[in-house]
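User: I'd like to practise reading features from a model. Could you walk me through this one?

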Amino acid sequence: MLPSMTDTPMREPTFLVLTALASGPQHGYAVLEDVARMTDGRVRLRAGTLYAALDRLRTDGLIEVDREEVVQSRLRRYYRLTGVGEKRLAAESSRLRQQATLAEGRLRARHDLGGAPA
Amino acid sequence: MTAPLEIQYRRLLAIYPPAHRHAYEEEMVGVLMEGAAPGQRRPALGEAFDLLRAGLLARLGRGAQGLRTSAWRDAASVAALVGAVLLAAAAGRRLIGGLRYFLEYDDPMRFLGVEGGLLIDVAARTVAWLAVVVAVLLAARRTAVALAVVAVLVEIAAIAAWQPSQEFRAIRMSWALGLGLLTVALLALSRRGRPAFATLGRRGGAMITGGLALAAVSALLLPWWPTSPQILGLLTVTDAMLVTAGALLLAGLQRVPTGTRRRILVLLAVVFAVPIAQNLLERAIGINLARSVTPGIVVVDVLMMAGVPLLAFALGAAVLHLRENVNVSISVTRTGSPSV
């Protein structure tokens, strides 16, 4: 794994692709649909972006191919999270949770002090 | 029969490098066709643009794709700091030299070879770039970009002020302009609110600052101390200081994370390519014998000042790409599972 990878924040598409695969192996199109569903349609990944992320994640060892199928003469490749991918996703979600908790705490303090504008 | 839409998608996918197409084309066609609306005959504009963008990036390689990653951006702030220090040092040396002549002979311009002038332009250039250095050290990125733009304008004004009496002024000072613009670009690329020192680490930062300070002191000592004593008859004191400074700089760099360190070295090669380009340019046009600035000289100037640093970047990025790809393939065989 590249040394620079572990300490930098993950980009949103990468985070969402890993989150989609956390529930079990999925093929490319299912990942696109899952990401749209998880974000209530706010993030709609396109094929170019999705495969750039999948290729990078595979190279970095965060995901791997689970199995291949041919459905209506089209190739479907299922991807799954690796142990490294699981650790990275866990680390990233804990980082995001910490930041969210911090922001909420400060907003609450601001509200309690009556600092918020009317 | 292949649907017209599929043919169009396959044409777009031709922009990807062969290895990527081999690995993903069938799968991507499947995803694209599954996402197409019933009766759709052409790829949607956004989809086509996304494929072209991702395909071009895949072709340029992971290096180009990651130009905006944090490792590059951290490296850019360090390289920008070096650029600003070099520009401040170049102007500062002339300022100190001029002031010395002023104190000793009451003539500030003897040193510069022009009579009756003042040291205003070198003073302005020194102050402008020192301000950029301070802003970079304080991690005030926007202020640093704005100050660097002002400093470039000061350099242009300094060239314009001397142009009437020195026809080759603009040619001789091309490096200052080139390095100034490069510094602005590097600052624009660097990350907001992350000081160069956070990248270097506390000990790495201290070593590099110590190295730079030692190098500056020994460079300033040279004109005052032309016959400095020798240590064990091997090395003069000033040389020993320079060697120590170099060792400190290397040791400081060694403490930076590998990915960032390699990128710092690539960008430093670009920064140092600018004065080298100036040297090559002056030799190419034979500046000491040339009578006047011809359009040909201007063309050679622009080509060399842009071309040599670009070439340095291309070479550096290529070496980086090769090294990191070798690294990746090694780690993949270590961590990869046999099912892939």
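Analyst: Happy to; we will go from the layout of chain A to its sheet, a helix and then the nonpolar cores. Keep in mind that this is a predicted model.

User: How many helices and strands are there in chain A, and how do the elements run from the N terminus on?

Analyst: Chain A has four helices and three strands. Read from the N terminus, their order is α-β-α-α-β-β-α.

User: What is the order of the strands in the sheet?

Analyst: First the general idea: strands of a sheet pair through backbone hydrogen bonds, and the pairing can be parallel or antiparallel. Here the three strands of chain A form an open sheet in the order E1-E3-E2, with antiparallel pairing. E1 and E2 of chain A are the edge strands, each pairing on one side only.

User: How many bridges join E2(A) to E3(A), and how many join E1(A) to E3(A)?

Analyst: Eight bridges link E2(A) and E3(A), and two link E1(A) and E3(A). Among the residue pairs, Glu68(A) has Arg77(A) as its bridge partner, while His27(A) stands opposite Tyr78(A). The hairpin of E2(A) and E3(A) has two residues between the strands, and Gln72(A) takes a positive phi near 50 degrees there.

User: Now a helix. Which residues of H1 in chain A are buried?

Analyst: A general point helps: residues three or four places apart in an α-helix point the same way, because there are 3.6 residues a turn. In H1(A), residues 12-22, the buried ones are Thr14(A), Leu16(A), Val17(A), Leu18(A), Ala20(A) and Leu21(A). Just after this helix, Gly24(A) has a positive phi of about 140 degrees.

User: What do the buried residues of H1(A) pack against?

Analyst: They pack against the strands E1, E2 and E3 and the helices H2, H3 and H4 of chain A.

User: And where should I look for the largest nonpolar core?

Analyst: Turn to chain B: this core has 59 residues, and those with the most contacts inside it include Trp129(B), Ala148(B) and Leu267(B). Helices supplying at least two residues each include H5, H6 and H8 of chain B. H4(B) gives the most, with 14 residues. To follow one member, take Ala148(B), which touches Val132(B), Thr183(B), Val184(B) and Leu187(B), leaving aside residues up to four places away in sequence.

User: Which residues does the second core include?

Analyst: That separate core of 32 residues includes Val17(A), Tyr79(A), Tyr24(B) and Met28(B). You have met Val17(A) already, among the buried residues of H1(A).

Methods
Residues are numbered from 1 along each chain as its sequence is written. Chains are lettered from A and ligands numbered from 1 in the order in which they are written. This is a predicted model: local features need pLDDT of at least 70, side-chain atom pairs count only at pLDDT 80 or more; totals for chains, interfaces and linings use all residues. A residue is buried if 20 or more other C-beta atoms lie within 10 Å of its own, exposed if 12 or fewer, and partly exposed in between; C-beta atoms are placed from the backbone. Two residues are in contact if their C-beta atoms, placed from the backbone, lie within 7 Å. Two strands pair if DSSP finds at least two bridges between them. A nonpolar core is a set of buried Ala, Val, Leu, Ile, Met, Phe, Trp, Tyr and Cys residues joined through C-beta atoms within 7 Å.
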